[in-house]
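Reader: I would like to go through this chain with you and ask how each label was earned. Could you show it to me before we begin?

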Amino acid sequence: MSAAPDSVMVAVRCRPFNTREKNQNEGKIVTITSEGEGAAVSLDQPDENLPPRKFYFDHTYDDDVLQSQVYHDLGQPLLEKAFEGWNGTIFAYGQTGAGKSFSMTGSKDLPGIIPQLNNDMFSRIAKITAETPDRKFLVTCSFLEIYNEVLFDLLDPSGRSGTAKSAKDSKIVIKEHPQLGVYVEGLKEIPAESGDKIQALMDQGNDMRAVAATNMNATSSRSHSIFIIKMQQKTLLAGQQKEVRATINLVDLAGSERAAKTGATGDKLKEGANINKSLSALGNVINALAEQAKKGKKVFIPYRNSKLTRVLQESLGGNSVTVMLAAISPAAYNYEETLNTLQYADRAKAIQLKAKKNESMTEVGKLKAEIDALKALLAAGGGGGGGGGGGGGG
């Protein structure tokens with residue numbers, strides 16, 4: 001059983017050219033290689049006299065990578081740690097239309113990280129319970145979105161769908177607890193007994209999510225979403241009940257966007273401004289955490305500057321094993337956005353994590369074990385000393 005990683009794992013995925021970019025005969029400015037210290041991304045600069053800018057990451061993927069490979073590298077290790085009791089987070093970042101939702105959710109024929117993780121999780125649970133009947137599992141799911149800086153429960157059947165919602169429709173709120181950390185009060189937790197059940201909950205939530213068409217993306221997410229899986233394990237060990245818990249946050253961030261490119265006006269313009277504001281706050285938090293890691297001393301982290309960073313507080317430098325997947329476009333037309341995403345991802349590599357295992361033994365189990373131990377001592381004729389010690393504790 002290995003220890004949890006002490007820094008954020010960062011991967012970059014470049015999508016294929018889309019139809020619009022092909023029609024515009026866009027040049028390819030991204031080259032994915034694997035060399036030297038690790039996987040690399042080279043970005044050609046607009047000035048051809050300047051050398052390409054190069055960035056190194058834990059994993060890099062070109063436009064022909066299989067969905068299964070991305071899950072194998074990023075989702076599977078996170079799930080393995082969850083079974084050991086470590087919290088985990090995967091979040092996808094990038095400009096609008098860069099392929100974040102495809103990587104996280106995918107399609108029916110090309111499932112992304114989330115559905116693959118769900119199916120893998122229940123396959124493992126079935127195998128473990130068949131081999132160890134005393135080990136019991138409980139899996140629950142929640143699904144929230146942050147739309148215009150307001151939190152909405154996507155699994156609340158009484159909620160409003162799409163972009164026809166406002167602050168007065170919200171029934172959930174961010175709270176903080178000394179032991180639990182930051183959590184969302186009032187968020188529905190629905191038990192799930194199979195991957196199909198989780199997929200149904202995801203589909204239900206996605207139908208409620210705020211999306212709209214822009215010039216950059218026909219199904220542009222107008223909100224950030226977080227799908228939360230909580231897994232609880234209970235095992236009887238020598239009269240004691242061992243409990244192992246893990247929370248997995250699967251985050252699909254709305255894409256950063258420029259109004260000049262998206263053609264957004266009216267409500268879409270307001271949505272875009274709120275998306276960029278929260279992503280800017282996330283960037284400031286990442287910068288502060290990277291600076292803190294570099295200096296080795298405490299730095300003020302502005303978690304409270306947006307709902308997004310507040311909800312992700314435990315995932316960013318807190319009690320979580322965290323993976324960041326940066327999605328980029330290959331087209332010269334998107335040079336500035338791609339550079340910004342790569343710089344963002346490069347800074348995230350420096351974030352130090354403080355993950356800890358979430359496991360405990362129940363007091364009832366401990367007491368029963370102590371009683372059984374005392375009975376064993378008495379039966380063996382060695383109970384005199386133990387009784388004297390107990391008497392002295394008045």
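Author: Gladly, and let us start with a yardstick: the expected span of a helix is 1.5 Å times one less than its number of residues. Please keep in mind that this is a predicted model.

Reader: What makes the span of helix α9 agree with what is expected?

Author: Helix α9 covers residues 335-348, which is 14 residues, so at 1.5 Å a residue the helix should span 20 Å. Its end C-alpha atoms are 20 Å apart, and therefore the two values agree.

Reader: Which residues of α9 are buried?

Author: They are Y335, E337, T338, L339, T341, L342, Y344, A345 and A348. As background, an α-helix has 3.6 residues a turn, so residues three or four places apart point the same way.

Reader: Before we go further, how confident is the predictor, on the pLDDT scale, in the chain?

Author: The mean pLDDT is 85, and 86% of the residues reach 70 or more. Two stretches deserve care. Residues 212-220 have a pLDDT below 50, though this stretch makes 29 contacts in the model beyond near neighbours in sequence. Residues 383-394 are also below 50, and that stretch has two such contacts.

Reader: And what does the chain contain overall?

Author: There are eleven helices and 17 strands. Of the 394 residues, 48% count as buried. The chain exposes about 18800 Å², with carbon and sulfur atoms supplying 52% of that area. Among contacts with a separation of 6 or more, 70% are between residues 24 or more positions apart.

Reader: Why is strand β16 called largely enclosed?

Author: The label rests on a count: a residue is buried when its relative accessible area is under 20%. Eight of the eight residues of β16, 321-328, are buried, so the strand is largely enclosed by the rest of the structure.

Reader: Which residues of β16 point one way and which the other?

Author: V321, V323, L325 and A327 point one way, while T322, M324, A326 and I328 point the other way, and all are buried. That fits a general pattern: in a regular strand the side chains alternate between the two faces of the sheet.

Reader: Which strands pair with β16?

Author: Strand β1, residues 9-14, pairs with β16 in the parallel sense over six bridges. Strand β6, residues 88-93, also pairs with β16 in the parallel sense over six bridges. A326 is a handy landmark here: V12 stands opposite A326, and Y93 stands opposite A326 as well. Further along, G88 has V321 as its bridge partner in β16.

Reader: What makes β6 largely enclosed?

Author: Six of the six residues of β6 are buried, so this strand is largely enclosed by the rest of the structure. G88, I90 and A92 point one way from β6, and T89, F91 and Y93 point the other way. Besides β16, strand β6 pairs with β15, residues 240-252, in the parallel sense over five bridges. There, A92 stands opposite D252 in β15.

Reader: Why is R209 called buried?

Author: R209 has 6% relative accessibility, and the cut-off is under 20%, so R209 counts as buried. R209 is found in the loop between α5 and β12. Its side chain reaches the backbone oxygen of S223 at 2.6 Å.

Reader: How do you know that R209 and D252 share a polar contact?

Author: Their side chains are joined at 3.3 Å, and a polar contact calls for a pair of N or O atoms within 3.5 Å.

Reader: In helix α7, is K294 buried or exposed?

Author: K294, which lies in α7, has 78% relative accessibility and so counts as exposed, the cut-off being over 50%. The C-alpha atoms of K294 and Q352, 58 residues apart along the chain, are separated by 9.6 Å.

Reader: And why is S278 called buried?

Author: S278 is also placed in helix α7. Its relative accessibility is 1%, so S278 counts as buried. Leaving aside residues up to four places away in sequence, S278 touches E149, H224, S306 and L308.

Reader: Finally, what makes I301 buried?

Author: I301 has a relative accessible area of 14%, which is under 20%, so I301 is buried. I301 lies in the loop between α7 and α8, and touches V285, A288, L289 and Q292, not counting residues up to four places away in sequence.

Methods. Residues numbered from 1 in each chain as written. Predicted model: local features only at pLDDT ≥ 70, side-chain atom pairs only at ≥ 80, totals over all residues. Heavy atoms only, no water. Helix = DSSP H or I, 4+ residues; strand = E, 2+ residues; numbered from the N terminus. Buried < 20%, exposed > 50% of the residue type's maximum accessible area, 1.4 Å probe, protein only. Polar contact = N/O pair within 3.5 Å; in protein donor to acceptor, adjacent residues only side chain to side chain. pLDDT = per-residue confidence, 0-100. Contact = heavy atoms within 4.5 Å. Areas by Shrake-Rupley, 256 points an atom, 1.4 Å probe, with all protein chains shown as cover. Pairing = 2+ DSSP bridges.
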